[in-house]
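Good morning, and thank you for making time for this talk. I would like to walk through one structure with you, moving from single contacts to strands and helices.

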Amino acid sequence: MGRKLRVGVIGGGIGGVALTGALAQRGIEVRVFERAPAFGEVGAGIQMTPNAAKVLRALGLADHLRRMGFLPQAIVGRNWRTARENFRTPLITECPKLYGADFYHIHRADLHAMLVSLVPESAATLSASCASVRNEGNTAVATFEDGSQFEADVIVGADGIHSVVRNQLFGKEAPRFTGHMCYRAVVPFEHVRPDFVSPDASFWMGPKGHVVTYYVRSGAAVNIVAVNETADWVEESWNAPSSRAELLKAFEGWHENLIKLFERTDSVFKWGLFDRDPMKTWSSGRITLLGDAAHPMLPFLSQGAAMAIEDGYVLAKSLDAHGQDIQSALRDYEAERLPRTSRVQLEARERGKTYHLPSPMAQFKRDLAYRLQAMVNPHASGIKANWVYEYDATAFSPKPAQHKQAA
């Protein structure tokens, strides 16, 4: 019997801890390195669509998800000024039948805590900032800012959109500012849900902007994602401070239900949306990438965290299946994941254009098309993400090892 595989994971965000937990469950020796002094996530709400919920269920987290999440009734497209429904895609009654899992809204911090619960205490190293990585013979080596090193059979860069590992492997790539900025806030409603926020994922589409609202924390709070076009560069950060006044000014003239919600915000954050093209490969030798380090994407399909969770499950399964054959494991990982994440990246980019049509005539044509499509099939209208939700990472099956035959 061969020795146990050893894996190092750089970055303890959602993708990094999902991979670490999946590897630990398979009995693989794993260590995750997080630069912060404690695990934790900032940010706000997040959508765990059925494709991600399938993976969380396979990891044993279904009960946690039910307890901490919220089941929306539908995805609803609304006019920015009148609140008219242009499409309604049913979720709570349809997702289990169509996609094999529910559609949840959850707070990002709650999701991260769920995944951290899968990480053995001995597998986590905190306050560890990666300085460099390198392939060295039959090992991969990560060096940290304190001078310490970690050798493994595989190093995985799950260190986010500003990935040190990606820069080391493929060089620095300047991201493109899309001209979009995003405000985020969470508004608590501890006792009574407001009558001006429906229990849906509501997409309010307007000229050069859109707003998404939905409940999190079992319905005790409302998450706000408000995207606006701007000529000014905005920091690419999850937690650049903004204000209620800035948010209200950016969406002046939008429907009164949104204004009521915005007036109840306390802490408001903003960040700029930057775009990168899909990569052709994520791996070099025994080092590979995962999540935003591999495929940073715009949030218009709500798939950033979901793709990272899928990545982690598939990579863990591939490494477990191939053992010491790292080349085959990474080959199968990329073959399964790269085409899918590339499509999601590009389709999310297109949604940014569709949601923000500037002229009333263009909006009218789009909204009429939504309504006509919904009459035929409500799941083929709106954001048109059924192809995203159908995918099942847990069904991934690595290819058998290809042994060379003697001549």
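**A walk through the model**

I begin with a charge and a ring: R343 lies over the face of W387, at 3.6 Å from the ring centre. Please keep in mind throughout that this is a predicted model. A second arrangement of this kind involves R26, which lies over the face of Y313 at 5.6 Å from the ring centre.

Let me stay with aromatic residues for a moment. How many aromatic pairs does a search of the whole structure find? The search finds 15. One aromatic cluster is formed by W80, Y183, F251, W254 and F262.

Y183 leads us to our next residue, S242, since Y183 is among the contacts of S242. S242 is located in the loop between β16, residues 240-241, and α7, residues 244-250. Is S242 buried or exposed? Its relative accessibility is 17%, and therefore S242 counts as buried. The side chain of S242 makes a polar contact of 2.8 Å with the side chain of E246. If we leave aside neighbours within four places in sequence, S242 is in contact with Y183, V268, F269 and K270.

Now to the strands. An open sheet of 8 strands with mixed pairing runs in the order β5-β4-β13-β14-β15-β12-β17-β16. Its edge strands are β5, residues 85-90, and β16, each of which pairs on one side only.

Within this sheet, I would like to look at β13 in some detail. Strand β13 covers residues 201-206, and 6 of its 6 residues are buried. Which residues lie on each of its two faces? On one side we find A201, F203 and M205, and on the other S202, W204 and G206; all of them are buried, so to say both faces are covered.

What are the partners of β13? Strand β4, residues 74-79, pairs with β13 in the parallel sense over 5 bridges. In that pairing, V76 stands opposite S202. Strand β14, residues 209-216, runs antiparallel to β13, and 5 bridges join the two. Here W204 stands opposite V211. The hairpin of β13 and β14 has 2 residues between the strands, and in it K208 takes a positive phi near 55 degrees.

Further along the sheet, strand β12, residues 176-188, and strand β17, residues 269-275, run antiparallel and are joined by 7 bridges. One of the residues involved is H180, whose bridge partner in β17 is L273.

Let us turn to the beginning of the chain. Strand β1, residues 6-10, pairs with strand β2, residues 29-33, in the parallel sense over 5 bridges. I10 has F33 in β2 as its bridge partner. With helix α1, residues 14-25, these two strands make a right-handed β-α-β unit. β2 also pairs with strand β7, residues 124-125, in the parallel sense, over 2 bridges. At that pairing, V32 stands opposite A124.

I come now to the helices. Helix α2, residues 50-58, is mostly covered, with 7 of its 9 residues buried. Among these buried residues are P50, N51 and A52. Just after α2, G60 takes a positive phi of about 85 degrees.

In helix α9, which comprises residues 304-322, we find G312. Its relative accessibility is 0%, so G312 counts as buried. What does G312 touch, once neighbours within four places in sequence are left aside? It is in contact with L19, A22 and L290. The C-alpha atoms of G312 and L23 are separated by 8.6 Å, although these residues are 289 residues apart along the chain.

My last residue is R366, in helix α11, residues 360-376. Is R366 buried or exposed? R366 counts as buried because its relative accessibility is 8%. The side chains of R366 and D367 are joined by a polar contact of 2.9 Å. Beyond its neighbours within four places in sequence, R366 is in contact with M205, T354, Y355, H356 and L357. M205 brings us back to β13, where M205 is one of the buried residues.

I thank you for your attention, and I would be glad to take questions.

Technical notes. Residues numbered from 1 in each chain as written. Predicted model: local features only at pLDDT ≥ 70, side-chain atom pairs only at ≥ 80, totals over all residues. Heavy atoms only, no water. Phe/Tyr/Trp six-rings, centres within 6.5 Å; stacked < 30°, edge-to-face > 60°. Lys NZ or Arg CZ within 6 Å of the ring centre and 35° of its normal. Helix = DSSP H or I, 4+ residues; strand = E, 2+ residues; numbered from the N terminus. Buried < 20%, exposed > 50% of the residue type's maximum accessible area, 1.4 Å probe, protein only. Polar contact = N/O pair within 3.5 Å; in protein donor to acceptor, adjacent residues only side chain to side chain. Contact = heavy atoms within 4.5 Å. Pairing = 2+ DSSP bridges. Right-handed = clockwise from strand over helix to strand, strands pointing away.
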